[in-house]
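Visitor: I have a few questions about how the labels on this model are earned. Could you walk me through them?
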Amino acid sequence: MFENIDIGLIKKELRDQSKNYKQNFINIEQFIKNEIQEILNLKKNNKPIIPEISFNDINQKKSKLLEDIKKRGCVIIRDVFEDTYISNLNNQLEKYIDENKYYEDQRKKADLDKYFSDLKSGKPQIYGLYWSKAQIEIRHSEQMAKVQRWLNNLWIYENEEYKVFDPNKELSYADRVRRREPGDDTLGLSPHCDAGSVERWTDKNYQKIYQEIFADNFEKYDPFNAKFRDRIIEFESPAVAHVFRTFQGWTALTEQGPNDGTLQLIPIAKGMAYVLTRALQNDVPESELCGSKPGRALSVNKDYHSLLLKGLISIPKMKPGDTIWWHPDVIHAVEDKHSGKNFSNVVYVGSTPYCKKNLDYTIKQSKKFLEGKSPPDFAAEDYEINYKGRVKLKDLSLLAKKQLALEDWN
Ligand SMILES: [Fe+2]
């Protein structure tokens, strides 16, 4: 594991790819400074920063929008579901939690996942539930499939060597629920990235993905080229995703905006280039990577990344049925304090296109689904085994079965 990895040696190899790693970093830093300035100007003038589109418009050609998504690495898709439909599902979810006495269960299983234990703000109010009717209805809906296909098609999914994924078939990654109480000030998440921390420097395939960055060709680096993204090998750790997501995302169950304990993003698709090359600079101890540790989320912090952190913004107001999506390299956080008056609830649903990596995981996941257990990537809390109202195989649509690898896609 990590103890056996010679970080100093890896840094040397990565520096050697550049003619001048200090100058390379300065160039990247200048690019980031410009991006931050743009974000701050938009913010000052109350202009939208995160690209937005309405669900009904997603199949219209909008090249400016696509350009913006590729630059910012995120997008809001509004009105994927109707407000009243989602509010109803939110109520059903609450009932599912109450009727099955989730809180009692949780107290018994106090040893929650340790994944976020190093992020200063502590643990967010996230529920280890995966198979409720509300989640399944959202996750496996026709609307969600349409959104995911559209998002997948923003990527370059084919190259001269192989086809990375099929953008028009999707698999489902069962994830949890966030239900954040008004007034809560203990449950934020400091800025981080999922999909690998130390791996982003040490993994051979990540090194290929980021090669242009290290080799002075930052301008040529395309974060939306999927080549090798399906071949990353993550360090084994609870709650590290073992799938390739074209976008992470969630669907709002309740209305929530800035200061309601909601999501924050640094909307720069190429922001990872700064994090990667920052760690190679001489002021960082040779055996360290700016605070990132294996099996944890990638850390973005004041000690090393204060420039990037200036670009951290809260996402705008979301209504029930709106969705937000962000690239797996986009740094994100959850606000420390929920100063609003209502629960800020979301169902996490990302986009996991059909590829071998995702299929391998989905097959393992489907076994857990059939037993009502927690999916393989999450702590084996297995709350839902005997829950009343849990979704079973007989309740699934054909689409849901395909997305859970319980039916062939062909
Ligand atoms: Fe995250």
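Guide: Happily! In this predicted model, seven strands form an open sheet with mixed pairing, in the order β1-β2-β11-β7-β13-β5-β3.

Visitor: What makes β1 and β3 stand at the edges?

Guide: Each of them, β1 (52-54) and β3 (126-127), has a single partner strand, so one side of each is left without a neighbour in the sheet.

Visitor: How do you know that β5 and β13 pair?

Guide: Pairing takes at least two bridges between two strands. Four bridges join β5 (residues 177-180) to β13 (residues 344-348), so by that cut-off the two are paired, and they run antiparallel. As an example, V177 has V347 of β13 as its bridge partner.

Visitor: Let's turn to α2. How do you know that its end-to-end span agrees with its number of residues?

Guide: Helix α2 (residues 21-44) has 24 residues, which at 1.5 Å a residue should span 34 Å; the C-alpha atoms at its ends are 34 Å apart, so the two agree.

Visitor: Which residues of α2 are buried, and what do they pack against?

Guide: N24, F25, I28, I32 and E35 are buried. The buried residues of α2 pack against α11 (271-278) and α12 (302-309). After α2 comes N46, with a positive phi near 55°.

Visitor: And why is D408 called exposed?

Guide: A residue counts as exposed if 12 or fewer other C-beta atoms lie within 10 Å of its own. D408 has 7, so it is exposed. You will find D408 in the segment after α14 (398-403).

How values were computed: Residues are numbered from 1 along each chain as its sequence is written. This is a predicted model: local features need pLDDT of at least 70, side-chain atom pairs count only at pLDDT 80 or more; totals for chains, interfaces and linings use all residues. A residue is buried if 20 or more other C-beta atoms lie within 10 Å of its own, exposed if 12 or fewer, and partly exposed in between; C-beta atoms are placed from the backbone. The expected span of a helix is 1.5 Å times one less than its number of residues. Two residues are in contact if their C-beta atoms, placed from the backbone, lie within 7 Å.
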